[in-house]
Amino acid sequence: MCRPPASGIWLLTNLLLHILGLSCTTASFGPQPETTVLTPGSIPIDTDGNQVHAHGGALIEMDGIFFWYGTSQKQPPGWLSTDINLYSSEDLAEWRNEGSIFNWQSIVGMPTGPPYRIERPKIIWCEEFHYWVLWFHLDLPSFGYPAVGVAKAETLQGPFDFVQVFKPDGRSSFDMTLFQDDDDTAYLVRSVENSFLGITKLAPNYLGLEGGICAQTPFQAEAPAVFKHGPSSYWILSSHLTGWAPNPPLLWHANSSEGLCGTSWYLMPQPATGPGSETTWDSQSTAVFPYQTEDGRELLMYLGDRWNAAGPGGVAQAGYVWLPLIPTAAPSQVILADS
Ligand code: GAL
């Protein structure tokens, strides 16, 4: 029998093991289970024996295969990534390198040539036009041209063709994410001028925007990760603005029959407590993955980056922290669980 959960990280591991039908080997309060989805803060080693570098990205599940994408290993000066990498897995534990799906050499329309800052890539499928779209924070290394980059590809394995760079509403755009609702309406959620999170609908072809900001948070936040829990209950998990250094999580909520737009976003009580929560267990949000179990249940997985700015190797050795997000009934809240 597996031991009871001592931490959220362990809980996530074992919920997934349970869901995936994998076994955990230990008796009562013994050592960690044999198969671990992700050791907190670590960098997994792929099937070629190399570190997995997929930072600021997200997971996609397709036909029983999990795909993990994100930016390539960050390099000094400025901790820049040249590529967006893709990995695949059947069990969220063993990862195959599917290679680079986008490289900064294909970017046109910036004030200068590379190097660029490409961060926080997010990919969604456009059913109407049958392609994948990739949006990311595109900038100069100095953060001197904060914009979004858009690319598209017929397969998730790419390569993604660059479409455009632009500043939504002509305003600076920093950390960003995409959210695709059940009706395929998609949204860009980004830090506008480092002052608030602004939400704008994507155009039907997902290659640009439709209209201006339709809703926003009342004050600044970054590292947005959007999820839905319940028919009209929307959430944004995010962070404060402290660069690569970790800080406590910020959680926003909206009840809306109109998706992310036309609604007010309210700041919820801090969704994490206890030792480590003041730094979100040394991590910053990048995505929330709604893991679907075979019997129709949903396990919300928080995906975060441990940037390691002050650690050995700096941001080049950034790792990952995945935690369960536990919905509570009364008062309605979502708790990021570690203990
Ligand atoms: C953070 C941001 C990261 C990265 C970092 C650079 O605020 O979330 O994506 O841009 O700043 O300092």
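Here is a short chat about one sheet and one charged patch in a predicted model.

Biologist: In what order do the four strands of the open sheet stand?

Modeller: The sheet is open, and its pairing is antiparallel. Five bridges join β13 to β14, seven join β14 to β15, and two join β15 to β16. Put those pairs in a row and you get β13-β14-β15-β16.

Biologist: Okay, so which strands stand at the edges?

Modeller: Keep that order in mind, β13-β14-β15-β16. An edge strand here has a single partner strand, so one side of it is left without a neighbour in the sheet. That fits β13 and β16.

Biologist: Which residue stands opposite L237?

Modeller: Strand β14 covers residues 233-239 and runs antiparallel to β15. So we look for the facing residue in β15, and it's L251.

Biologist: And what stands opposite H253?

Modeller: This time go to β16, residues 266-267, which is joined to β15 by two bridges. The residue there that faces H253 is Y266.

Biologist: How many residues of β15 are buried?

Modeller: Strand β15 spans residues 249-255, seven residues in all. Buried means under 20% relative accessible area. The strand is mostly covered, with a buried count of six.

Biologist: Now the surface: is E128 buried or exposed?

Modeller: E128 sits in the loop between β5 and β6, and it helps form a negative surface patch with E127, D183 and D184. The cut-off for exposed is over 50%. Its relative accessibility is 59%, so E128 counts as exposed.

Methods: Residues numbered from 1 in each chain as written. Predicted model: local features only at pLDDT ≥ 70, side-chain atom pairs only at ≥ 80, totals over all residues. Heavy atoms only, no water. Buried < 20%, exposed > 50% of the residue type's maximum accessible area, 1.4 Å probe, protein only. Pairing = 2+ DSSP bridges. Patch = residues over 30% accessible without salt bridge, like charges linked within 9 Å, V, L, I, M, F, W, Y side chains within 5 Å. Areas by Shrake-Rupley, 256 points an atom, 1.4 Å probe, with all protein chains shown as cover. Salt bridge = Lys/Arg side-chain N within 4 Å of Asp/Glu carboxyl O. Lys, Arg positive; Asp, Glu negative; His and termini not counted. Charge placed at Lys NZ, Arg CZ, Asp CG, Glu CD.
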